[in-house]
Amino acid sequence: MAKDNNVDPSAKAARVAPSSSPLQRKAALEGNYPPVPEVCVVTGGTGFVGNRLVEMLVERGAKRVISFDVVPPPEDAWKHPNIEWRTGDITDRKAVDDLLSMPGIGCVWHNAAAVGPFHPKPLYFKVNYEGTLNIIESAKEHGIKKIVFSSSPSTRFTGEDVDGLTEEEMPKLPLGKYMQTYAETKAMGEMALSNACTNEFLTIAVAPHQVYGPRDNLFLPNLLEAAMHGKLRVFGEGYNRICFTHVDNYCHGLIISEKALYPNSPALGKFYIVTDGKTHPKGEQYLIFWKILDEAIVAMGFSSLWKKLHLSKGLLMFIAGICEFIGGILGITMKLNKFNVTVLTMHRWFDISAAEKDLGFQPIVGFREGWDETKTWFKENWLPMQTKSNNLFGIAQSTQDKINIQDKSSKTNAKK
Ligand SMILES: NC(=O)c1ccc[n+]([C@@H]2O[C@H](COP(=O)([O-])OP(=O)(O)OC[C@H]3O[C@@H](n4cnc5c(N)ncnc54)[C@H](O)[C@@H]3O)[C@@H](O)[C@H]2O)c1
């Protein structure tokens with residue numbers, strides 16, 4: 001185990017990722033975190049969460065972290081001697097075997113996935129389910145003992161409000177019907193992993209909700225882009241309660257979950273949700289989604305959504321039905337679809353006491369500071385990159401570019 005405690009403060013400072021925001025830096029330097037395995041594998045390591053996870057494992061003392069992602073590392077990826085940025089596809093069993101045959105791997109954080117509602121349907125099954133089977137089978141064959149899986153609360157969504165439920169109070173997998181293919185295939189991956197869990201092969205699934213933070217490439221850019229073009233309105237009354245997870249809080253939850261993996265641990269094979277917890281406004285575990293989103297919109301210099309007409313859920317569902325029909329003909333998923341209308345109008349927040357008790361989880365970045373810094377980051381880094389091209393029916397270009405690479409690689413592997 002790579003030890004983090006009792007490290008000389010100047011050595012620790014030199015170990016912080018250069019692209020860290022001030023809050024990320026503070027959390028890295030001031031926290032007293034348990035040791036991490038010397039050799040770590042992160043699938044999906046160039047994604048929003050995965051990239052930060054790779055960085056935080058190094059910050060916490062890992063000697064070698066191998067990122068494995070179908071999308072190559074960005075130019076500004078941390079060029080640290082302890083990080084290997086390997087480009088590869090989890091649907092390619094041989095590439096997975098090459099990866100996991102490396103000696104000494106202490107834990108695999110399986111994070112790679114086709115994420116969000118915009119991918120071609122077959123890709124979800126290929127990556128989120130079959131890719132996960134490849135990781136499980138190869139890890140077992142190569143004697144790897146621990147896997148931490150990034151799951152999603154949407155695996156348990158039925159369209160009903162989730163108003164402060166614990167994991168135990170949510171519907172059990174498998175659901176009779178899933179709200180989207182992403183959720184269905186993440187659930188299939190999670191169940192496969194949980195079924196494979198034994199006292200020798202230790203697994204756990206950890207999910208965030210609505211991850212935000214610097215370098216987010218899906219959630220905030222897509223909503224801000226719609227607001228920039230004046231196309232976004234408050235959906236419904238606008239008072240639905242939602243919880244958020246700062247990217248560092250999620251990565252912290254993923255990292256400490258490895259510590260809960262030991263024979264007979266109460267966490268084995270289980271599903272946990274981690275969020276910003278009681279650092280949400282007023283010490284509750286939720287925020288008012290459209291109020292908080294509006295803060296970011298106004299911070300970019302766009303007009304407040306609350307000054308515009310709200311759109312009723314019934315009307316939105318009707319328009320979403322038309323968009324889905326047109327999208328079906330054009331073969332694309334539009335931003336306005338029934339799933340998005342449902343999730344943007346329902347309550348979606350959780351009581352995270354199980355993660356606090358079983359994993360010892362507490363957020364390391366508070367919601368207010370984290371959200372304020374995220375707004376600043378988007379103003380300084382996202383806003384200047386925007387062109388006024390009208391992209392109402394599509395999705396953010398950065399999101400689309402990544403999807404294209406993932407889809408192309410999966411098709412190439414299918415032909416092999
Ligand atoms: N962002 C959220 O709000 C959120 C919420 C719930 C769950 N999650 C889970 O967290 C994890 C990370 O999500 P994220 O937000 O960082 O998304 P992301 O899209 O930024 O990251 C996923 C990464 O997986 C990679 N990937 C996709 N297909 C691959 C393949 N075949 N082989 C190798 N790599 C592949 C992608 O290139 C991408 O870099 C995912 O497992 C996701 O299901 C995220």
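Which residue in strand 2 stands opposite threonine 43? Hello everyone, keep that one in mind while we look around. What you have in front of you is a predicted model, and I'd like to walk you through it from the sheet outwards.

Let's begin with the sheet. Seven strands, that is 7, make an open sheet, and their order is 3-2-1-4-5-7-11. The pairing is parallel. If that word is new to you, strands of a sheet pair through backbone hydrogen bonds, and the pairing can be parallel or antiparallel. At the edges you'll find strand 3, residues 83-87, and strand 11, residues 271-273. Each of these has a single partner strand, so one side of each has no neighbour in the sheet. As you go from one strand to the next, the twist averages 20 degrees.

Now zoom in on one pair. Strand 1, residues 39-43, runs parallel to strand 2, residues 64-69, and 5 bridges link them. Here is the answer to my opening question: the residue opposite threonine 43 is phenylalanine 68.

What packs on this sheet? Helix 3 does, and it touches strand 1, strand 2, strand 3, strand 4 (107-110) and strand 5 (146-150). The direction of helix 3 makes about 170 degrees with that of strand 2. Then there is helix 8, residues 247-257, lying across strand 4, strand 5 and strand 7 (202-207). Helix 8 runs at about 165 degrees to strand 7.

Next, the ligand. There are 33 residues around the ligand, and those that come nearest are Gly44, Gly47, Val49, Ala112 and Ala113. We meet helix 3 (48-59) again here, since this helix, helix 5 (121-141) and helix 14 (397-415) each supply at least two residues of the shell. Sorted by class, that shell holds 15 nonpolar, 14 polar and 4 charged residues.

What does the UniProt record add? An unreviewed entry there annotates residues 41-281 as "domain: 3-beta hydroxysteroid dehydrogenase/isomerase". In the model, that span is 32% helix and 17% strand, with its end C-alpha atoms 35 Å apart. UniProt, again in an unreviewed entry, also lists residues 315-334 as "transmembrane region". Over residues 315-334 the chain is 80% helix and 0% strand, and 16 Å separates the end C-alpha atoms.

Let's look at two helices together. Two packed helices are described by the angle between their axes and the distance between the axes. For helix 9 (residues 289-299) and helix 13 (residues 367-382), the angle is about 35 degrees and the axes are 9 Å apart. The crossing is right-handed. From helix 9, Ile292, Glu295, Ala296 and Ala299 meet Trp371, Lys375, Phe378 and Lys379 of helix 13. By class, this contact has 5 nonpolar, no polar and 3 charged residues.

Finally, two spots in loops. Leucine 173 and proline 174 are joined by a cis peptide bond, with omega about -5 degrees. Proline 174 sits in the loop between strand 6 (162-165) and helix 6 (181-196). The other spot is arginine 215, whose phi is near 75 degrees, a positive value in a residue other than glycine. You can find arginine 215 in the loop between strand 8 (211-212) and helix 7 (219-228). Thanks for listening!

How values were computed
Residues are numbered from 1 along each chain as its sequence is written. This is a predicted model: local features need pLDDT of at least 70, side-chain atom pairs count only at pLDDT 80 or more; totals for chains, interfaces and linings use all residues. A residue is near a molecule or strand if its C-beta atom, placed from the backbone, lies within 6 Å of it. Helices (H or I, at least four residues) and strands (E, at least two) are DSSP runs, numbered from the N terminus. Ala, Val, Leu, Ile, Met, Phe, Trp, Tyr, Cys and Pro count as nonpolar, Asp, Glu, Lys and Arg as charged, and the others, Gly among them, as polar. UniProt positions are given in the numbering used here, feature names are shortened, and annotations may be inferred rather than shown by experiment. Two strands pair if DSSP finds at least two bridges between them. Axes are lines fitted to C-alpha atoms, for helices over the stretch in contact, and angles run from 0 to 180 degrees between N-to-C directions. Two residues are in contact if their C-beta atoms, placed from the backbone, lie within 7 Å. A crossing is left-handed if the near helix is turned anticlockwise from the far one by less than a right angle, and right-handed if clockwise.
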